[in-house]
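Please look through the sequence and the model before reading on. The paragraphs below go through a few local features in turn.

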Amino acid sequence: MNQFLQQIIGIIKDLPLAKKIVMGAVVLVVMGGLMGMLLWANRIDYQPAYTHLAPEDAAEIVERLKEQKIPYQLMANGTGIMVPADKVYEVRLAMAGSGIPKGGDVGFELFDETKFGTTEFVQKLNYQRALQGELARTIQQFREVEDARVMIVMPKDSVFIEESKPPSASVLLKTRSRLSRDKVAAVVHLVSSAVEGLAPNRVTVVDSTGQVLASGIPEEEEPATLANKQLEYKLTYERNLARRIQTMLERIVGSGKAIVRVSADMDFNQVKINEEIYDPEGQVIRSRQNITESSNKNSTPTTLASSVNPITAGGGGTTGRQVSDLSERKDETVNYEINRTVRHTLLPVGRVKRLSVAAVLDGRYVTETTEDGATTRKYVARSSEELEQFAKIVKKAMGFNADREDQVSVESFPFDYMSDMERAQPPGYDWEIFLKQYGRSLVNILLVVLVFLFIVRPIIKGLKQPHEAVEEQPALLETEDRKALPEPAARGELPEPEEMSLKDQAYFQARKDVEKTTGFIRTWINE
């Protein structure tokens, strides 16, 4: 091995300065590249475990990672922590078991440690703080929300009902992207439902740019908000109906060969109708009263005599007749109830007054061969019978109502015929996933191959060549080169160097130092 190193050192010493500089630069570049690839292939892949942390949570997580001796890196000015990719979920689960991160807000864990002697005022204040923290954590679960703060104002209780005031709340949001109106309303109802007695119109939501997302005013007092909701409802209804009709037609004529548009005329007025209807023909006896009265009176009349008949006076007395008075009265009272209908009708908001549907269908394409052998595609429109059938299908799907004066139009026009010739391309292999799974292994294999080709293989080749040259040198000298040398006076003797020619001196040096001569010849051949 020492002899091999000496040979290499001797070869390098005999090289010109320029070649030495070039060789050194090449060696440095190759070694630097190999080291760089080796470091890149075997570096630790750090992935974010937490982002947008509060300073308190970040400090506590770093302390736990140090205790567990897990490598980490800080990012985003200390608000984010990265750990090795294979430990991301392990770290998250371990921290979650310890209640970390807390989100920078104090939640109901504030009551985990009960302190004796705490006044009622402090208890109420702590409950309010905990409720605000829990609401902030909940709102941060929205994908668009980066951070949230909730402030709740609880008025003092009063023994007089007329002097009591309802609670109110304000929410400050730091958003990553724009929040839709539905999600802003969700935040409002989330806060109002968590606080006793808090109405949604008492919650104000603003973002970090100062824009008011919810002003706490009822929708009846916000015409712009009501108009936006009405427009959104109308567009949603039209899209859903158009999608239903279009998907049904595409199953018949083919995918991408039907276009459907729907226009809906809606009535958003809220109408309340009170009706009281009487039907004279539908009389019903409600009550009947019959009264019958009868009376019978008997009396005897008395006659007073003003003169005496002498003939009859001797008869001695007077005579009278009895009189009877009989009366009867009947009274019948009948009460009739007229049929009455009382109706209270509240018409729904967003009633469809009229629908207009327009459907455009692609025709058929026929391949024809001309006389010169060229192939062309010809468009064939759909017949009127087919269009009528499609119109009937559309009417059934949309709920056609002639009383509303609904309109339906189905026409056939040529679409872009080149799309009919397109074929679905087979899905390609996902090289990104492949490189992510096996990239490191491939780089390590490539490094091993490069090291073998550029370092190990030249060393092995250099070790073999000197031995082969040494073994072949005596035979070479004994045959051809030996004949070329001048005959010495005795075996092993040569003339003095001063008496030799340049050719003889070369032969002399070659026999004197065979290994050095072999190195010179190899260098010349390589050049």
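How are H5 and H6 oriented to each other, roughly parallel or roughly antiparallel? The model is a predicted one, and the two helices can be found in it at residues 120-139 for H5 and residues 181-194 for H6. Two packed helices are described by the angle between their axes and the distance between the axes. Here the axes come within 11 Å and cross at roughly 155°. Angles over 145 degrees count as roughly antiparallel, and H5 and H6 are therefore roughly antiparallel to each other. The crossing in which H5 passes H6 is right-handed.

Both helices also take part in charged pairs. Side chains of opposite charge can pair when their charged atoms come close. The count for this model comes to ten salt bridges. One of them joins Glu-134 to Arg-137, with 3.5 Å between the closest N and O atoms. These two residues are separated by about one helical turn, because they lie three residues apart in helix H5. Their exposure can be stated for each partner: Glu-134 counts as partly exposed because its relative accessibility is 23%, while Arg-137 is buried, with a relative accessible area of 18%.

A further salt bridge is formed by Glu-144 and Lys-183, whose closest N and O atoms are 2.7 Å apart. This pair links distant parts of the chain, since Glu-144 sits in the loop between H5 and strand S4 (145-153), Lys-183 sits in helix H6, and 39 residues separate them. Glu-144 has a relative accessible area of 8% and is therefore buried. Lys-183, with a relative accessible area of 25%, is partly exposed.

Strands carry a salt bridge as well, in which the side chains of Arg-288 and Glu-332 meet at 3.9 Å, N to O. Again the pair links distant parts of the chain: Arg-288 belongs to strand S9 (residues 272-299) and Glu-332 to strand S10 (residues 323-346), 44 residues apart. Arg-288 and Glu-332 are both exposed.

The next feature is on the surface. Which helices give two or more residues to the nonpolar patch? The patch covers about 1,000 Å², and the elements in question are helix H2 (17-41) and helix H10 (431-484). Among the residues that make the patch are Val-22, Val-26 and Val-30, together with Leu-435, Tyr-438, Leu-442 and Ile-445. H10 gives the most, with eight residues. Phe-454, another residue of the patch, is placed in helix H10. The relative accessibility of Phe-454 is 55%, so this residue counts as exposed.

Last come two residues with an uncommon backbone angle. Most residues other than glycine have a negative phi, and most peptide bonds are trans. What is the sign of phi at Lys-69? Phi of Lys-69 is positive, near 55°, and the residue is not a glycine. Lys-69 is found in the loop between helix H3 (55-68) and strand S2 (73-75). With 75% relative accessibility, Lys-69 counts as exposed. Asn-77, also not a glycine, has a positive phi of about 60°. The loop that holds Asn-77 runs between S2 and strand S3 (80-84). Asn-77 has a relative accessible area of 84% and is therefore exposed.

Conventions: Residues are numbered from 1 along each chain as its sequence is written. This is a predicted model: local features need pLDDT of at least 70, side-chain atom pairs count only at pLDDT 80 or more; totals for chains, interfaces and linings use all residues. Side-chain values use heavy atoms; hydrogens and water are left out. Patches are made of residues with over 30% relative accessible area and no salt bridge: like charges are joined within 9 Å, nonpolar side chains (Val, Leu, Ile, Met, Phe, Trp, Tyr) within 5 Å. Accessible areas come from the Shrake-Rupley method with a 1.4 Å probe; for residues, only the protein chains shown count as cover. A salt bridge is a side-chain nitrogen of Lys or Arg within 4 Å of a carboxyl oxygen of Asp or Glu. Helices (H or I, at least four residues) and strands (E, at least two) are DSSP runs, numbered from the N terminus. Buried means under 20% relative accessible area, exposed over 50%, partly exposed in between (1.4 Å probe, protein chains only). Axes are lines fitted to C-alpha atoms, for helices over the stretch in contact, and angles run from 0 to 180 degrees between N-to-C directions. Angles under 35 degrees count as roughly parallel, over 145 as roughly antiparallel, 65 to 115 as roughly perpendicular and the rest as oblique. A crossing is left-handed if the near helix is turned anticlockwise from the far one by less than a right angle, and right-handed if clockwise.
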